[in-house]
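Reader: I am new to this structure. Please take me through the surroundings of the ligand, and then through the parts that frame them.

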Amino acid sequence: MKKLTIGMDVGIDLGSDTVKIYTHDRQISLMEPTMVAVDRDTDEILAFGSDARQMLGRTPERIAVISPVQHGRIHNFSLTETMLTAYVREVCGNRIFMPRVVVCVPSGVSEVEKREVVESLRAAGARKVCLIETVVAAALGAGLDISRPCGCMVCDIGAGTTDIGVISINGTAVSHWINYAGNSFNEALIEFIASRHDLVIGPQTAELIKREIGCVIPREAVLTVTVKGRHFRTGMPHMIRINSEDIMEAFEEPAVRICRAVQHTLEETPPALAGDLLTNGGITLTGGGAKIYGMDRLIAERTKLNVNLAQDPEICVALGTGKAIQFIDTRDKFEKETSPLDVFGA
Ligand SMILES: Nc1ncnc2c1ncn2[C@@H]1O[C@H](COP(=O)(O)OP(=O)(O)OP(=O)(O)O)[C@@H](O)[C@H]1O
Ligand SMILES: [Mg+2]
């Protein structure tokens, strides 16, 4: 029988691609794909996370592999709830008190969307749920001091959303988001290979190519890979060679869109905070999508600001939700105005 222990607090990054859960003892305790495999006929849930991802593209008609969170927002409420229940249980085990949770929400979410996040976590067993904006969590996780009256800028390039914000005194002064992020590069690549080479590839192949030779500025040496798929016209298995210069061409549109969103946010930033960015570290990039080769240098070229890729960028938001746990008690007691946390309905 499992040992009963007292309650715990957890930080959750409910990402479109990966759910990450922070706990004090193990830091990132869980990192699982935001995916659920469902039997279409019976609605039975067959697998979660990496087990569900393995089924992607290899399932019979009857089985659907669903991403219940898309572009950072809950797309399928009941599947999100069931998935979170399984993940929270895996991390918290058999405890007397259910956890208090800090969870991130992207900028610009509506009150209805916030309520959905809170309710899905309450249904998953959370005793109390506090919300934090994704960019604020990302800044905390990247180790930035956000408590001072001095602007710092974060651009979190996730899988489905790029969230950009200028932060000062624990809150966002300006924020902006677009539905272009890591997945957009995969989609652009799939389209490019289909139109240039008559080859149909799946998202997992696109992901591998992106990670291996993808770039948004020229690499020092041109890299080449072999890509296997199905020929568009003959329907037969087919193979081509593709190099990093081709990929850079395919990646131009999503890369430019992300740069423009950063520029747009800068244009909206009040002059004093914009001035701070010249001396206060410039722009910090977080999120897994920021790992695309050259993204930091491209944004630096376009904005003429210093751009730093955070350490382990894909876990910054989760680390930040974890660091924000300390604010749960202070928010309750006295620091509501300057707390980075939002308790829905409070
Ligand atoms: N080495 C890499 N090179 C390029 N892209 C990468 C690399 N590693 C991860 N990614 C991309 O990072 C993205 C996932 O990042 P992250 O975990 O920050 O997203 P998320 O938080 O789940 O999504 P979102 O924030 O949009 O809801 C995926 O699109 C993945 O392809
Ligand atoms: Mg994210």
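**Around the ligand**

Author: Start at ligand 1. The shell around ligand 1 holds 22 residues, and those that come nearest are Gly-15, Asp-17, Gly-158, Gly-182 and Gly-288. Two elements give two or more residues to this shell: helix 5 (182–197) and helix 6 (203–213). Helix 6 gives the most, with three residues. Keep in mind that the model is predicted.

Now sort the shell by class. Three of its residues are nonpolar. Another 12 are polar, and seven are charged.

Where does ligand 1 lie with respect to domain 1 and domain 2? Ligand 1 lies between them, because both domains give residues to its shell.

Next, the domains themselves. The protein is divided in two. Domain 1 is made of 9–136 together with 319–342. Domain 2 covers 148–309. The C-alpha centres of the two domains lie 25 Å apart.

The domains also touch each other. From domain 1, 18 residues are in contact with 21 residues of domain 2. On the domain 1 side, the largest share comes from helix 4 (residues 134–141), which gives three residues. By class, that side of domain 1 has 11 polar residues, five nonpolar ones and two charged ones.

Now look at a sheet. Strands 5, 4 and 6 form an open sheet of three strands, in the order 5-4-6. The pairing is antiparallel. Strand 5 (45–48) and strand 6 (63–66) are the edge strands, and each pairs on one side only. On average, neighbouring strands of this sheet are turned by 20 degrees against each other, direction ignored.

Take the pairings one by one. Strand 4 (residues 36–39) meets strand 6 in the antiparallel sense, over four bridges. Two positions let you follow this pairing by eye. Asp-39 has Ile-63 of strand 6 as its bridge partner. Ala-37 stands opposite Val-65, also in strand 6.

Then turn to the other neighbour. Strand 4 and strand 5 run antiparallel and are joined by three bridges. Here Val-38 has Ile-45 of strand 5 as its bridge partner. Strand 4 and strand 5 form a hairpin with five residues between the strands. In this hairpin, Asp-43 takes a positive phi near 65 degrees.

A helix belongs in this picture too. Helix 2 (residues 77–92) lies across strand 4, strand 5 and strand 6. Its direction makes an angle of about 55 degrees to strand 5.

One more sheet remains. Strands 14, 15 and 16 form an open sheet of three strands, in the order 14-15-16, with antiparallel pairing. Its edge strands are strand 14 (199–200) and strand 16 (237–243), each of which pairs on one side only. Strand 15 (residues 224–231) pairs with strand 16 over seven bridges, in the antiparallel sense. To find this pairing on the model, look for Val-225, which stands opposite Ile-242 in strand 16.

Finally, go back to the ligand. With the domains in mind, look again at ligand 1, which lies between domain 1 and domain 2. Helix 6 is the element to pick out there, as it gives the most to the shell.

Note on methods:
Residues numbered from 1 in each chain as written. Chains lettered and ligands numbered in written order. Predicted model: local features only at pLDDT ≥ 70, side-chain atom pairs only at ≥ 80, totals over all residues. Near = placed C-beta within 6 Å. Nonpolar A, V, L, I, M, F, W, Y, C, P; charged D, E, K, R; others polar. Domains from an automatic or database assignment. Contact = placed C-beta atoms within 7 Å. Pairing = 2+ DSSP bridges. Axes fitted to C-alpha atoms, helices over the stretch in contact; angles between N-to-C directions.
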